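I open this notebook to record what I looked up in the structure, entry by entry, beginning with a loop and working outward from there.

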Amino acid sequence: MLVALTIVWALWAGWSLLGRETPYTLRVLDDAGAPIAAASVDINESQVGTSSEDGTIEVEWNRSSTVLEVSAA
């Protein structure tokens, strides 16, 4: 019984963690450490937004996403 319960718990834990989006605060800084406003943020070639005046952006990044790209002009 305990073994079956452990297997069910492990399957549930793995399923609940797989594919979940996790909220992140991304801060975009230049080489001197100053925040960059209006930087474009793409996840898997899909733009998710631009950074604010303080260089931050709130994004939800799915663990299956492999590419997080930031560009500033």
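**Entry 1: Glu53 and its loop**

I began with Glu53, which lies in the loop between β3 (46-50) and β4 (56-62). The model I am reading is a predicted one, and I keep that in mind for every value below. I looked up the accessibility of Glu53 and found a relative accessible area of 71%, so the residue is exposed, the cut-off for that class being over 50%. Leaving aside neighbours within four places in sequence, I find Glu53 in contact with Pro35 and Ala37. I also checked the backbone, where the C-alpha atoms of Glu53 and Ile36 are separated by 7.1 Å, although the two residues are 17 apart along the chain.

**Entry 2: Ser51, in the loop with Glu53**

Is Ser51 buried or exposed? Ser51 is also found in the loop between β3 and β4, but at 6% relative accessibility I have to count it as buried, because the limit for that class is under 20%. Its contacts, not counting residues up to four places away in sequence, are Val28, Ile36, Ala37, Ala38, Ala39, Thr56 and Ile57. Ala37 thus appears in my notes both as a contact of Ser51 and as a contact of Glu53. For Ser51 and Ala38 I noted a C-alpha separation of 4.9 Å, with their positions 13 residues apart along the chain.

**Entry 3: Ala38**

That pair led me to Ala38, which is found in the loop between β1 (21-27) and β2. I looked up its backbone and found a positive phi of about 65 degrees, although Ala38 is not a glycine. I note this since most residues other than glycine have a negative phi. At 56% relative accessibility Ala38 counts as exposed, whereas Ser51, which it touches, counts as buried.

**Entry 4: Ser40 and strand β2**

I then moved along to Ser40, which is found in strand β2 (residues 40-43) and, at 18% relative accessibility, counts as buried because it falls under the 20% limit. Which way do the side chains of β2 point? I find Ser40 and Asp42 pointing one way and Val41 and Ile43 the other way, and all are buried. Beyond four places in sequence, Ser40 touches Gln47, Gly49, Thr50, Glu69, Val70 and Ser71. Strand β5 covers residues 68-71, and Glu69, Val70 and Ser71 are the contacts of Ser40 that I would look for there.

**Entry 5: The hairpin of β2 and β3**

I checked how β2 meets β3 and found that the two strands run antiparallel, joined by 4 bridges. In β3, the bridge partner of Ser40 is Thr50, and that of Ile43 is Ser46. The hairpin has 2 residues between the strands, and within it Asn44 takes a positive phi near 50 degrees.

**Entry 6: Val48**

Val48 lies in strand β3, and at 39% relative accessibility I count it as partly exposed, because that value sits between the 20% and 50% limits. Val48 touches Val41, Ile43, Ile57 and Val59, again not counting residues up to four places away in sequence. The C-alpha atoms of Val48 and Val59, 11 residues apart along the chain, are separated by 7.1 Å.

**Entry 7: The helix**

I turned next to helix α1 (residues 2-17), where Ile7 has its place. Ile7 is partly exposed, with a relative accessible area of 48%, and together with Val3 and Leu11 it makes a nonpolar surface patch of about 320 Å².

**Entry 8: The whole chain, and how far to trust it**

Last, I looked up the overall picture, which comes to 1 helix and 5 strands, running α-β-β-β-β-β from the N terminus on. Of the 73 residues, 25% count as buried, and the accessible surface comes to about 5700 Å², of which 60% belongs to carbon and sulfur atoms. Among contacts between residues at least 6 apart in sequence, 51% join residues at least 24 apart.

On confidence, I recorded a mean pLDDT of 78, with 75% of the residues reaching 70 or more. Among the elements, β5 has the lowest mean pLDDT (72) and β3 the highest (84). Where pLDDT is low, the predicted coordinates should not be read in detail.

Definitions and conventions. Residues are numbered from 1 along each chain as its sequence is written. This is a predicted model: local features need pLDDT of at least 70, side-chain atom pairs count only at pLDDT 80 or more; totals for chains, interfaces and linings use all residues. Side-chain values use heavy atoms; hydrogens and water are left out. Buried means under 20% relative accessible area, exposed over 50%, partly exposed in between (1.4 Å probe, protein chains only). Contact means heavy atoms within 4.5 Å. Accessible areas come from the Shrake-Rupley method with a 1.4 Å probe; for residues, only the protein chains shown count as cover. Two strands pair if DSSP finds at least two bridges between them. pLDDT is the predictor's confidence in each residue, from 0 to 100. Patches are made of residues with over 30% relative accessible area and no salt bridge: like charges are joined within 9 Å, nonpolar side chains (Val, Leu, Ile, Met, Phe, Trp, Tyr) within 5 Å. A salt bridge is a side-chain nitrogen of Lys or Arg within 4 Å of a carboxyl oxygen of Asp or Glu.
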